[in-house]
Amino acid sequence: HFWEYWTVGDLRVRPEHAVLDGFLARAIDPVWGKIYPPSGFNCRCSVVPVPADEALKMDPDAEEGGMERLPILARALVPQRGFHTLIH
């Protein structure tokens, strides 16, 4: 299955998180080791599971490697210094 990155969608969302809103990648993709929330102080983002057929309808490129598709802003600023992700 896939995971989709969600933000709260309000004006307090950091730009580097906002560019990730709706980002899809396989749940086993290494990109989640970099961007899985929380990835900054008071981060309110989340990740939701999406079935493969639905994810590929939403974004046919989601099957490609997640790190290669990361927006430049997120690549540079996520996670915030002092934060790291541990996926259980």
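I'll start with the disulfides: the structure holds zero of them. Please keep in mind that this is a predicted model.

Why is there no bond at Cys43? The closest cysteine sulfur belongs to Cys45, and at 3.8 Å it is too far away for a bond. The cut-off for a disulfide is 2.5 Å between the sulfur atoms. Seen from the other side, Cys45 has its closest cysteine sulfur in Cys43, again at 3.8 Å and too far for a bond. For anyone who wants the background, a disulfide is a covalent bond between the sulfur atoms of two cysteines. Cys43 is buried, because its relative accessible area is 16%. Cys45 counts as buried too, with 13% relative accessibility.

Next, the loop between helix H2 and strand E3. Helix H2 covers 32-35 and strand E3 covers 46-50, and Ser39 is found in the loop between them. Is Ser39 buried or exposed? Ser39 counts as buried, because its relative accessibility is 0%. Which residues does Ser39 touch, leaving aside its neighbours within four places in sequence? The contacts are Tyr5, His17, Val78, Pro79, Gln80 and Phe83.

Phe41 is also found in the loop between H2 and E3. Phe41 has a relative accessible area of 56%, so Phe41 is exposed. Apart from its neighbours within four places in sequence, Phe41 is in contact with Arg14, Gln80 and Phe83. Gln80 and Phe83 are thus names you have just heard, since they are among the contacts of Ser39 and also among those of Phe41. There is one further distance to give here. Phe41 and Gly82 lie 41 residues apart in sequence, while their C-alpha atoms are 9.1 Å apart in space.

Now the aromatic residues. How many aromatic pairs does a search of the whole structure find? The search finds three. One of them joins Trp3 and Trp32 in an edge-to-face arrangement, with 5.7 Å centre to centre and 65° between the planes. This pair links distant parts of the chain, as Trp3 sits in strand E1 (residues 2-6) and Trp32 in helix H2, 29 residues apart. Both Trp3 and Trp32 are buried. Trp32 also pairs with Phe23: the ring centres are 6.1 Å apart and the planes stand at 70°, so this pair is edge-to-face. Phe23 is buried, as is Trp32. Taken together, Trp3, Phe23, Trp32 and Tyr36 form one aromatic cluster.

On to the charged side chains. In general, side chains of opposite charge can pair when their charged atoms come close. The count of salt bridges comes to three, and I will take them in turn.

In one salt bridge, the side chains of Arg44 and Asp10 meet at 2.7 Å, N to O. Here, too, distant parts of the chain are linked: Arg44 is in the loop between H2 and E3, and Asp10 is in the loop between E1 and helix H1 (15-18), 34 residues apart. Arg44 is partly exposed, with a relative accessible area of 31%. Asp10, at 32% relative accessibility, counts as partly exposed.

Glu63 and Arg26 form another salt bridge, with their side chains meeting at 2.6 Å, N to O. Where do the two partners lie? Glu63 is in the loop between helix H3 (52-58) and helix H4 (66-69), and Arg26 is in strand E2 (residues 24-26), which puts them 37 residues apart. Glu63 is partly exposed, with a relative accessible area of 44%. Arg26 is partly exposed as well, with 29%.

The remaining one is between Arg69 and Asp59, with the closest N and O atoms 3.8 Å apart. Arg69 lies in helix H4 and Asp59 in the loop between H3 and H4, so this pair ties together parts 10 residues apart in sequence. Arg69 counts as partly exposed at 22% relative accessibility. Asp59 is partly exposed, with a relative accessible area of 22%.

Last, the surface. Which residues form a nonpolar patch there? Val19, Leu73 and Leu77 do, and together they have about 210 Å² of accessible area. Leu77 belongs to helix H5, residues 72-77. With 40% relative accessibility, Leu77 counts as partly exposed.

Note on methods: Residues numbered from 1 in each chain as written. Predicted model: local features only at pLDDT ≥ 70, side-chain atom pairs only at ≥ 80, totals over all residues. Heavy atoms only, no water. Helix = DSSP H or I, 4+ residues; strand = E, 2+ residues; numbered from the N terminus. Buried < 20%, exposed > 50% of the residue type's maximum accessible area, 1.4 Å probe, protein only. Contact = heavy atoms within 4.5 Å. Patch = residues over 30% accessible without salt bridge, like charges linked within 9 Å, V, L, I, M, F, W, Y side chains within 5 Å. Areas by Shrake-Rupley, 256 points an atom, 1.4 Å probe, with all protein chains shown as cover. Salt bridge = Lys/Arg side-chain N within 4 Å of Asp/Glu carboxyl O. Phe/Tyr/Trp six-rings, centres within 6.5 Å; stacked < 30°, edge-to-face > 60°.
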